[in-house]
Amino acid sequence: MATFLYRLGLAAFRRRGRVLLVWLGVLVVVAVGAARASGPSDEEFSMPGIESQKAFDLMERRFPGTAADGATARIVFVAPRGHTVTDGDLRKAVEQAVTALGDGPQVAGVADPFASKAVSRDGATAYATVTYKVEANDVTDAARTAVNKAADRARSAGLTVETGGSAMDAGGGPGGSAELVGLSAAAIVLLFTFGSLAAAGLPLLTAIVGVAVSLFAILLLAGPLGLSSDTLTLGMMLGLAVGIDYALFVVSRYREERGRGRAPHEAAGVAVGTAGSAVVFAGVTVIIALAGLSVVGIPTLTKMGLAAAGAVAVAVLVALTVVPALLGFWPNAVLARRVRKGRARGGPTAGRDNLGTRWARFVLRRPVAVLVLGVVGLIALAVPMASLRLGMPGDEAKSTATTERRAYDALAEGFGPGFNGPLTIVVDAQGASDPQAAVRAVGDRIARTDGIVSVAPACFNEAGDTAVFRATPSTSPTDEKTRDLVETIRRDRPAVERQASVTFEVTGTTALNIDVAAKVQSALVPYLAVVGGLAVVLLLVVFRSVLVPVKAALGFVLSVLAALGVLVLVFQKGHAADLFGVEQTGPIMSLMPIFMMGIVFGLAMDYEVFLVSRMREAYTHGEGARQAVVSGFRHSSRVVTAAALIMVAVFSGFIGEDGSLIKMLGFGLAAAVLFDAFMVRMAIVPAVLALLGDRAWWLPTWLGRVLPRVDVEGAALGHARSHDPRPDPDGSVRAQV
């Protein structure tokens, strides 16, 4: 692989104009296609195989068109203290608002709160529900503006009015601030690392190119594939992080080779052949982990994983082609000043101690203490994960500055916490002699269940063999008692079904979220085992060692569990929640842990490959096991540190996003990278290698014959260079090495 990539780097360097034209053409094509596309769909979440989804599917069959009916908006009216919404002027203001809402564009109908009994018992709160002829993603700005104008008129009469519902969600996606924060922090780290504006700017430029191609491609495919706005944000998050890091590794190796006296084209080829080999392997691990999310069986998760994997693949291709092409245009600009002036020979760090070597020698002197402190520290951080609670936070997790959150709070105060998350009961009465009596029996039994405060009248389909009614819990949608309530209703179901001669299922958004959380939680350990096993196999091939891969996989598990523990501390238990802009604590989003495992697996392998491959390279060239650790840190610690800081900065920038998933994912990934890069790879890894010594690189002879050889260290590059004496377009001839 190293030889192929070496030639690819040379070709990109020599044919730099053609390479950039090809990428420019790709960018223009996807940009034009994206401009004509419909954009993110934000389609409803679905998960085949769970009870809630089966009930939804039954409703679609028995109530044709119901599930596809349009979006809804909910307008909440709250009377001033000491008044009720039924007071003369206030009631008139509500009725005028309802009339105005009915005249809005795309509106199918409006439920008058006074006619539909949508007024709280104390008369202080009422709500009107607006249904639309189109789905949420197709609601126009004009329709939302009409709702806001009606709300403003009601406010002028003294009412407090808040709005919510799917129709009022204008959609998300990358907003710009998070990306700007990440890029700014990355620029500072790169400038400090390289001491050159050009060297710092090149990884940023190539990462932006890769992200632009990825985002336009996602936008182009969003409509046909049903990709959400969160997919866009995730693609940008990962594209920026890995795009900068992968380019950083190639540029760093190029500078190192130039410092050793190689010609520009030769240095570019060697950089792509060595660092590029590690980039390919690291990128493939991320792609496999993200694509592997499809085995969980959640369509939304599969789409997000595949889209993110595509963004990573683009970042790898950009690092292997665009980076050497740009180096071809400005071969000396990225070099340190002392190298440009010819004052540095033999490699910028060859034989000299730096902070990395000093740290490595410290660990080698005290490996047991460093290992124990690192492992115990990560285990302590992981302890809170034992109380991990999964769910799907809704409007209650939004900032109190948003009208959706205020509407949620007003409804909870006026109608009870469970009003925002009613359970939907779907009754299949095809086998009943008297369907209506049977449905009433089911409703009466559920109404007597502890934790149910009210049951609405049932609605039958045209055939009269299927009914739907709502049961309102006494607790909020994310409360553990609500989950227990759903389990109780389902546990008591067989007796109820035998008595009424019907079958029924519990669904609705609240039940769906509970079912999804249960399925995802049951998939965590198997997925972690699969990903950890994959890490062992991949690293076994790369490092041709048995113990190094096992150590890497265990380190990955520690960093993931520690990151999840910190996530629980902040987002679930509320410790330092204000510092990170968490308005309301609650369950961790169901998709978060398994998604984070997939992403962190790939990122953890990045640092393992870039750091340990230089140790392996030194060891295969004759250095002792302990000295190889020092050599690896001499060449790689600075760039790995910079890469980790860049990723932490990019991910941290997304903590300020409004979307719960993206906010949690940004925080979780930043924590995981921090733990994995600095506690696992920089401390635990050298400590373990110091204790193992030569045994770290042991491989059974029979296994060595079976495993394919992947030349990540670039051992075969000398032969490839000696057989290619063609001059570079600038007239120089390749140095024979």
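Select helix 12 and helix 21 to begin, and view the pair so that one passes over the other: helix 12 crosses helix 21 in a right-handed sense, where a crossing is called left-handed if the near helix is turned anticlockwise from the far one by less than a right angle, and right-handed if clockwise. This is a predicted model, in which local features need pLDDT of at least 70 and side-chain atom pairs count only at pLDDT 80 or more, while totals for chains, interfaces and linings use all residues. Residues are numbered from 1 along each chain as its sequence is written, and side-chain values use heavy atoms, with hydrogens and water left out.

Helix 12 covers residues 355–365 and helix 21 covers residues 625–653, and their axes come within 8 Å and cross at roughly 150 degrees. Helices (H or I, at least four residues) and strands (E, at least two) are DSSP runs, numbered from the N terminus, and the axes are lines fitted to C-alpha atoms, for helices over the stretch in contact, with angles running from 0 to 180 degrees between N-to-C directions. Because of that crossing angle, helix 12 is roughly antiparallel to helix 21; angles under 35 degrees count as roughly parallel, over 145 as roughly antiparallel, 65 to 115 as roughly perpendicular and the rest as oblique.

To see the contact itself, show Gly-356, Thr-357, Trp-359, Ala-360, Arg-361, Leu-364 and Arg-365 on helix 12, together with Arg-626, Val-629, Val-630, Phe-633, Arg-634 and Ser-637 on helix 21; contact here means heavy atoms within 4.5 Å. Sorted by class, this contact of helix 12 with helix 21 has six nonpolar, three polar and four charged residues, given that Ala, Val, Leu, Ile, Met, Phe, Trp, Tyr, Cys and Pro count as nonpolar, Asp, Glu, Lys and Arg as charged, and the others, Gly among them, as polar.

Keep helix 21 on screen and add helix 8 (residues 229–259), the axis of which comes within 9 Å of that of helix 21, the two crossing at roughly 160 degrees. Helix 8 is therefore roughly antiparallel to helix 21, and the crossing of these two helices is right-handed. On the helix 8 side, select Met-237, Leu-238, Leu-240, Ala-241, Val-242, Ile-244, Asp-245, Leu-248, Phe-249, Ser-252 and Glu-256, which meet His-635, Val-639, Val-640, Ala-642, Ala-643, Ile-646, Met-647, Val-650 and Phe-651 of helix 21. The residues of this contact of helix 8 with helix 21 divide into 16 nonpolar, two polar and two charged.

Move next to Ser-120, in the loop that joins strand 2 (107–111) to strand 3 (125–132). Ser-120 is buried, with a relative accessible area of 5%, where buried means under 20% relative accessible area, exposed over 50%, and partly exposed in between (1.4 Å probe, protein chains only). Its side chain makes a polar contact with the side chain of Asp-122 at 2.6 Å, and the side chain of Ser-120 also reaches the backbone nitrogen of Ala-124 at 3.4 Å. A polar contact is a pair of N or O atoms within 3.5 Å; within protein, one must be able to donate a hydrogen and the other to accept it, and residues adjacent in sequence count only if both atoms are side-chain atoms. Leaving aside residues up to four places away in sequence, Ser-120 touches Thr-125, Gly-414 and Phe-415.

In the loop between strand 2 and strand 3, select Lys-117, which is exposed, with a relative accessible area of 75%. Lys-117 has a positive phi of about 60 degrees although it is not a glycine. Then go to Gln-106, in the loop between helix 4 (88–102) and strand 2, where phi is likewise positive, at about 70 degrees, in a residue that is not a glycine; Gln-106 is partly exposed, with a relative accessible area of 22%.

Now select Ala-55 in helix 3 (residues 51–62), which counts as buried at 0% relative accessibility. The C-alpha atoms of Ala-55 and Val-506 are separated by 7.1 Å, with these positions 451 residues apart along the chain. Not counting residues up to four places away in sequence, Ala-55 touches Val-426, Glu-505 and Thr-507.

End at Asn-513 in helix 18 (residues 509–543), which at 17% relative accessibility counts as buried. Asn-513 touches Met-392 and Ser-590, again not counting residues up to four places away in sequence.
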